[in-house]
Amino acid sequence: MDVLELFPRHILEGDLEPALLTPLQRHAKAVLQQPERSPDASAKLAGQLTQQRELSLQEPAIAELCSSVLLPGCERWIRHVIDKQPPQGRGPWTPGRYQLRMVDVWLNSQQAGDYNPTHTHGGSFSGVIFLQVPPQINGESFDGQLCFHGPEEWHIQSFRTGMAHYVLPKPGRFYIFPAWQPHSVMPFRGDGARWSLAFNVMAIPQPAANTTARNLSLSSNRPRRQGF
């Protein structure tokens with residue numbers, strides 16, 4: 001016997017190399033030391049955090065993060081999920097038929113009592129990269145953890161254990177997920193600040209070369225029985 005896991009949520013997890021994490025930590029520290037030099041992102045975000053600052057995509061550490069980790073990570077997610085579909089069911093999400101474009105990246109500085117309510121993002125993909133985590137965020141409580149929410153209410157007494165999944169932040173750990181995936185961040189108690197980066201990516205279909213765009217049924221190429 002086996003247990004099938006039907007309709008999973010696909011979330012990519014990885015860890016940054018120290019050579020990439022260290023410059024990002026330095027850049028975050030510099031931004032927070034002079035926050036007035038970076039646009040305030042809080043007005044367009046759900047987070048109730050001490051600081052949320054937009055970051056330049058041209059900053060060398062951010063540009064390297066996007067080109068070597070985040071955009072390839074989105075591509076990895078697409079190939080893992082879409083390649084499991086029959087060829088005609090993949091729509092425009094075949095190699096060469098779309099472009100991944102980074103929309104924005106911002107820095108979150110969370111302190112005691114700050115939180116991020118359950119929310120989703122715009123675009124196609126989103127994610128988070130943890131840069132700094134206070135020692136009291138250690139998995140012994142919900143404090144400071146990132147939570148991914150399922151489509152139904154979490155209820156342990158009814159064994160609905162898959163509807164809320166908590167992950168413990170760790171410097172260098174990152175997650176990439178579809179922008180529609182609901183998620184939240186719990187508040188924490190004590191000193192220190194929890195730093196993370198968040199981002200949005202668009203997957204943009206491109207016109208197919210030498211073809212005319214048309215709607216395609218999954219059965220359109222099947223042999224058809226001829227009538228009388």
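In the largest nonpolar core, which has 35 residues, those that touch the most other members are L16, L24, L65, L70, I129, L131 and L197. A nonpolar core is here a set of buried Ala, Val, Leu, Ile, Met, Phe, Trp, Tyr and Cys residues joined through side-chain atoms within 4.5 Å. Two or more residues each come from α1 (18-33), α2 (60-82), β3 (98-110), β5 (125-132), β8 (173-178) and β10. Helix α2 gives the largest share, 11 residues. Apart from this core lies another, of eight residues, including F130, L146, Y175 and V185.

The model is predicted: local features need pLDDT of at least 70 and side-chain atom pairs pLDDT 80 or more, while totals for chains, interfaces and linings use all residues. Residues are numbered from 1 along each chain as its sequence is written, and side-chain values use heavy atoms, without hydrogens and water. Helices (H or I, at least four residues) and strands (E, at least two) are DSSP runs numbered from the N terminus.

Helix α2 has 23 residues and spans 32 Å between its first and last C-alpha, close to the 33 Å expected at 1.5 Å a residue. That expected span is 1.5 Å times one less than the number of residues. A kink of about 40 degrees in α2 is centred on C66; the bend at a residue is the angle between axes fitted to the seven residues ending there and the seven starting there.

Two residues outside the helices are set side by side below.

| Residue | Place | Relative accessibility |
|---|---|---|
| S196 | strand β10 (residues 194-205) | 2%, buried |
| Q181 | loop between β8 and β9 | 1%, buried |

Buried means under 20% relative accessible area, exposed over 50% and partly exposed in between (1.4 Å probe, protein chains only). Contact means heavy atoms within 4.5 Å. Beyond four places in sequence, S196 is in contact with W106, L107, N108, V128, I129, F130 and L131. With the same exclusion, L131 touches residues including L21, L24, L107, S196 and L197. Q181 touches R9, H119, T120, F148 and H149, again leaving out residues up to four places away. The C-alpha atoms of Q181 and S126 are 8.7 Å apart, with their positions 55 residues apart along the chain.

An open sheet of four strands runs in the order β4-β9-β6-β7 with antiparallel pairing. Strands β4 (116-119) and β7 (164-167) are at the edges with a single partner strand each, so one side of each has no neighbour in the sheet. Strands pair if DSSP finds at least two bridges between them. Two bridges join β4 to β9 (residues 183-185), and N116 has V185 as its bridge partner in β9.
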